[in-house]
Structures are given as structure tokens and as C-alpha cells.
Amino acid sequence: MKNQKGFSLIEMLAAIAVLSVLAGVLLRVFIISSRLLAQSEENERAMSMAEGLLEGLKAASLEELDTIAAWEDENVKVLLEGSEWEVIREDKKYLFTRTIKEGPFAYIIEGEADYGKYGGNDDEYGLVESINLYEMPSISHVDSIENVVISPDELVKEDELLESKLLAKMNLYEEDPEHEEIEEQSKEEGPEEIYTSEDIKKILNLIIDWKSGGEEIRVSAQLIYTAASDSLHPDQASGYPAALSARATVFSQIRRVAETEEGKEIKNRIYIFLPDSVVYEKVFITSAKGKESCRCPVYLVVPFGMEAFYTNLEQLVMLPTKGPGPIILFSNIPREDGESNLTGREPARNRLYGLSATVYRAEEGEGGEMKKTRMLIRLTSSKRE
């Protein structure tokens, strides 16, 4: 009789144990894979929701919400990308909220459009109009093909020369052949006044002139250094006494007027970047006589760190009270009050919003209201109007 060999009980138990371990591992891998797949699908869903909200915020005209949302915490309904959102205006922000249910899951999506994020100043008056919250560009970010860009270097290149020239003109020195005669006269009238750099007022005069029937624009910048006591009259930048003044044209440029495709808006902008080494007493902005109004906005940009020297836009800038049309001015210099029309208030020109979109997993609470349980994703972006 032949020997018949088979598995012993111990071998069977060992095999079953190994298979059990392998089955447990495989089951665990399957469960983890299912969870990862579900998490990945939810992450993609959350990403799609957040991106959809950001695209909706970028496509919407947020400035129009000023006429919809009141300063009070009053909820309003708006449509973004075909979906209805609750909106509340809080301080300098628009807050968007929407709840979505997909199968067994619920999500709360929140969006934020912050129009004070890039203002750089606190709003001490409680009104956004009390300070200019328009983002001022950096000189390196301005394309000069269509725009007129006056750099700080162009404004300071004649500074020392004008100052020394004016002091030499006002102060009489002994080597001057006429000095003795004037010195005798001054003894009778009293001691001769000696002028120093502290007596010099530095004035910037910007002249905007439309040429060729409005098809071209010439922008000139003139520096006026004077010791005259009266330097506060608008449109009289050239009226200072010659004996107490020195002047130089430091910039002159002609640009072809560039229009949008519809022809309704002019693309050209005029940028004045003030230097950090010279403080101006006044900035005159005038439009030369002609039929054309000044259709190009003017941007007056003060460098970081010079805010202490320019604290009142109305006192610094003198705009024409007469002429072919108003000049639209934007600046990062604070205004005196919120009622002035000095700083342009055109809807959202060069206004920068900080945008964010956050998606939360949600569940129904005791009162039937949806509450957040876990943040899934948060995206940030920006929008310029």
C-alpha cells in the first residue's frame, strides 16, 4: 500500500492564519483606497466650488453692489455664475455665502471681496470715501507705450542747480560790482536779508495740452523754485516775481491718443511719481486752453515713507477752477474729508480687491441651520476694476 501524504492540521491552521492576515491587509488597502478616492473626489468638488466662486467674483461688477448692499448688516441676494448668493457688506468687505447639498453631503461656501485690503491706510472717518483706497502702481509696473510716466529722476535732476541758482540770485555777494551801492542802501533801510534753502518753496507745475484736434496729448512738467511769500493761488504758477524765482522745464512728452476698440474710453494715463528726496509745497495741474477736456486720468504717487510730508491732498494739489473740463485725479495721499471731489470717484478705476473663496463641509444643527464642521479648501486671488 502506497503512503498517502496530506496537510496536517497545524499546516492547515498556519495557511488559514496567513490567508486571514493577507485578507485583512487587502481589506485595509481597499478601505484606505476607497477613502482616498472619496477624499480626492471631495477635494476636486471643493476646488471646483472655490474656483467657480472666484471666477464669479472676477466676472461680476462689485462696484454695483454699492447700490445694493447698505452699510448695515443687511443680507441681499445676488446672482454669480447663475447661482444665488447671500451678500452682506461688512466694513470694507463684501461677504458671499451659499449652502450646497450634494447627495449625503452638504457644503458651505464663503467668499470675500475686500476693497480695503490694498488701501494702506486706516479709515478714521468711518467712510470708505474719506480716503483714497485706489491701489497706486509701482513705476516698474507701468507700460509707457500709451502712458505718460514722469519718474522721480526727471524731477530731481535740476534740483541742486535750481536751488543754487535761486540763492545766488537772491543773495548779493561782495564780488558783485553793484553790491556796494545796494549795501549802502540796505544800511539805510535796515539789515540785508540772507536767504537759505529753508526759504525756498519748491513747486511742480504739470501742464496737459491736447494737440491736433485731440489726437495727441503733450504733457510738460515744470519746476518752479521761489522765495515769494504768496505761492497758494491756483493757475498762477508762472506769476512769481523773477527776482525771487527760478524755473526749469524738466519733462515734455507727446503721446498719440489711444482708444479702446469701442472708442468710448481713452487708454492713456498720466503718472507722476514724486521723488523721496524733494518735498513740494504745491503741485499745480493745469489743462491748456482748447476745446478738448482732459480725458486722461492723472495718478499722483507718493513713495513709501513720504506719507508724513504729504498729509493733505487738497492743500497740496491745485486743480484748475476754469478750463475745458475737469481733471480726474487719483492719489495715495489722504484727503481732508469725504465730501471733496478732488480725488476721482469714478466707479472702480484701478481699484484692487482682495478675493478669497473657502469651502467647508457642513451638517445640519439642532435648529435646522447648517453649521461648518471642517474646512476643505481656501483659495485667494485679486480683482482689479
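1. The open sheet in this predicted model is a good place to start: five strands are arranged in the order 8-7-6-10-12, with mixed pairing. Strand 8 (245-256) and strand 12 (317-318) stand at the edges; each has a single partner strand, so one side of each is left without a neighbour in the sheet.

2. The pairings show where the mixed character comes from. Strand 6 (residues 201-211) and strand 7 (residues 216-226) pair in the antiparallel sense, over eleven bridges. Strand 6 pairs with strand 10 in the parallel sense, over six bridges. Strand 10 and strand 12 also run parallel, joined by two bridges.

3. If you want a residue to click on here, try N205. Its bridge partner in strand 7 is Q222, and in strand 10 N205 stands opposite F284. Further along the sheet order, V283 stands opposite V317 in strand 12.

4. Strand 10 deserves its own look. How many of the residues of strand 10 (residues 282-287) are buried? Six of its six residues are. Both faces are covered: K282, F284 and T286 are buried on one side, and V283, I285 and S287 are buried on the other. Note that a lysine, K282, is among these buried residues.

5. Next, a contact that involves edge strand 8 (245-256). K157 sits in the loop between helix 2 (152-156) and helix 3 (159-170), and a polar atom of its side chain lies 3.3 Å from the backbone oxygen of V250. K157 and V250 are 93 residues apart along the chain, yet their C-alpha atoms are separated by 7.8 Å. Is K157 buried or exposed? K157 counts as exposed, because its relative accessibility of 53% is over the 50% cut-off.

6. On to charged pairs. Side chains of opposite charge can pair when their charged atoms come close. The count for this model is eight salt bridges. One of them joins E112 and K93, whose closest N and O atoms are 3.8 Å apart. E112 lies in strand 4 (residues 105-114) and K93 in strand 3 (residues 93-102), so this pair ties together parts that are 19 residues apart in sequence. Both partners are partly exposed: E112 at 21% relative accessibility and K93 at 29%. The value for E112 lies just on the partly exposed side of the cut-off, because buried means under 20%.

7. Strand 4 takes part in another salt bridge through E110, which meets the side chain of K372 at 2.7 Å, N to O. This pair links distant parts of the chain: K372 is in strand 15 (residues 370-384) and E110 in strand 4, 262 residues apart. K372 is partly exposed at 41% relative accessibility, as is E110 at 25%.

8. Back at the sheet, E215 forms a salt bridge with R256, the closest N and O atoms being 3.6 Å apart. E215 lies in the loop between strand 6 and strand 7, while R256 is in strand 8, 41 residues away in the chain. E215 is partly exposed at 42%, whereas R256 is exposed at 55%. Elsewhere, salt bridges with shared partners join E42, R361 and R374 into one network.

9. Finally, a surface item. V18, L19 and L22 form a nonpolar patch with about 290 Å² of accessible area together. V18 is in helix 1 (residues 9-59) and is partly exposed, with a relative accessible area of 48%.

How values were computed:
Residues numbered from 1 in each chain as written. Predicted model: local features only at pLDDT ≥ 70, side-chain atom pairs only at ≥ 80, totals over all residues. Heavy atoms only, no water. Patch = residues over 30% accessible without salt bridge, like charges linked within 9 Å, V, L, I, M, F, W, Y side chains within 5 Å. Areas by Shrake-Rupley, 256 points an atom, 1.4 Å probe, with all protein chains shown as cover. Salt bridge = Lys/Arg side-chain N within 4 Å of Asp/Glu carboxyl O. Helix = DSSP H or I, 4+ residues; strand = E, 2+ residues; numbered from the N terminus. Buried < 20%, exposed > 50% of the residue type's maximum accessible area, 1.4 Å probe, protein only. Polar contact = N/O pair within 3.5 Å; in protein donor to acceptor, adjacent residues only side chain to side chain. Pairing = 2+ DSSP bridges.
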